[in-house]
Amino acid sequence: SFVASLRDSLKSHEDRVSQLTSEIRKHGGEPATGSGAWGVFAKTIEGGAAAFGEKAAIAALEEGEDHGRNDYQREIDAIEAPTRELVQNLLSEQLKTHAVMSNLKRQLSGEAPKYPSA
């Protein structure tokens, strides 16, 4: 269902944040406490979903998924092993949640969903 897909995507993001937080601390760093500009944007969309409508909210979430995917892809080559393997797994999960948002957007537009090849 629509709501279950959103909940599963949220859980996936929460799990990834936890994994990244642990990895950063393992290497002696202190993870950021906020979600940055995209987090603020997502909260705005979440709060205004009723005003904007489901299609606009899902389109904005898909754009956020694009942003996350691009971040992972841009940085992955600069990361040393074994952390690179973790990031590759996180990218794989990012691609799955991106596909979920893309499919929800297609469903709301009356299009047939597409399924990721990986």
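Good morning. I begin with helices α3 and α4, which are roughly antiparallel to each other, because angles over 145 degrees count as such and these two helices pack at about 160°. The model under discussion is predicted. The axes of α3 and α4 lie 9 Å apart. The residues of this contact divide into 11 nonpolar, seven polar and seven charged. As to handedness, α3 passes α4 in a left-handed crossing.

One residue of α3 deserves a separate remark. Gly64 lies in that helix, and it counts as partly exposed because its relative accessibility is 26%. Its C-alpha atom is separated by 9.6 Å from that of Met101, although the two residues are 37 apart along the chain.

Let me turn to the connection between these helices. Helix α3 covers residues 54-75, and Pro82 is found in the loop between α3 and α4. The peptide bond that leads from Ala81 into Pro82 is cis, with omega near 5°.

I now come to the other partner of α4. Helix α1 spans residues 2-26, and its axis comes within 10 Å of that of α4, with a crossing angle of roughly 160°. The pair α1 and α4 is therefore roughly antiparallel. By class, their contact has nine nonpolar, eight polar and three charged residues. The crossing of α1 past α4 is left-handed. On the α1 side, the participants include Phe2, Leu6, His13, Arg16 and Glu23. On the α4 side, Thr83, Leu90, Thr97, Met101 and Leu108 are among them.

Within α4, I would single out Thr97. Is this residue buried or exposed? Thr97 counts as buried, because its relative accessibility of 3% falls under the 20% cut-off. Leaving aside residues up to four places away in sequence, Thr97 touches Ser9, Ser12, His13, Arg16 and Glu65. Of these, Ser9, Ser12, His13 and Arg16 appear in the α1 part of the contact with α4.

Finally, the nonpolar core. Which residues make up the largest one? There are six: Tyr72, Ile76, Leu86, Val87, Leu90 and Leu91. Helix α4, residues 83-108, gives the most to this core, with four residues. One member of the core, Leu86, also touches Gln19 and Glu23, again not counting residues up to four places away in sequence. Gln19 and Glu23 belong to the α1 side of the contact with α4.

To summarise, α4 is roughly antiparallel to α3 and also to α1, and it gives the most residues to the largest nonpolar core. Thank you.

Notes. Residues are numbered from 1 along each chain as its sequence is written. This is a predicted model: local features need pLDDT of at least 70, side-chain atom pairs count only at pLDDT 80 or more; totals for chains, interfaces and linings use all residues. Side-chain values use heavy atoms; hydrogens and water are left out. A nonpolar core is a set of buried Ala, Val, Leu, Ile, Met, Phe, Trp, Tyr and Cys residues joined through side-chain atoms within 4.5 Å. Buried means under 20% relative accessible area, exposed over 50%, partly exposed in between (1.4 Å probe, protein chains only). Contact means heavy atoms within 4.5 Å. Axes are lines fitted to C-alpha atoms, for helices over the stretch in contact, and angles run from 0 to 180 degrees between N-to-C directions. Angles under 35 degrees count as roughly parallel, over 145 as roughly antiparallel, 65 to 115 as roughly perpendicular and the rest as oblique. A crossing is left-handed if the near helix is turned anticlockwise from the far one by less than a right angle, and right-handed if clockwise. Ala, Val, Leu, Ile, Met, Phe, Trp, Tyr, Cys and Pro count as nonpolar, Asp, Glu, Lys and Arg as charged, and the others, Gly among them, as polar.
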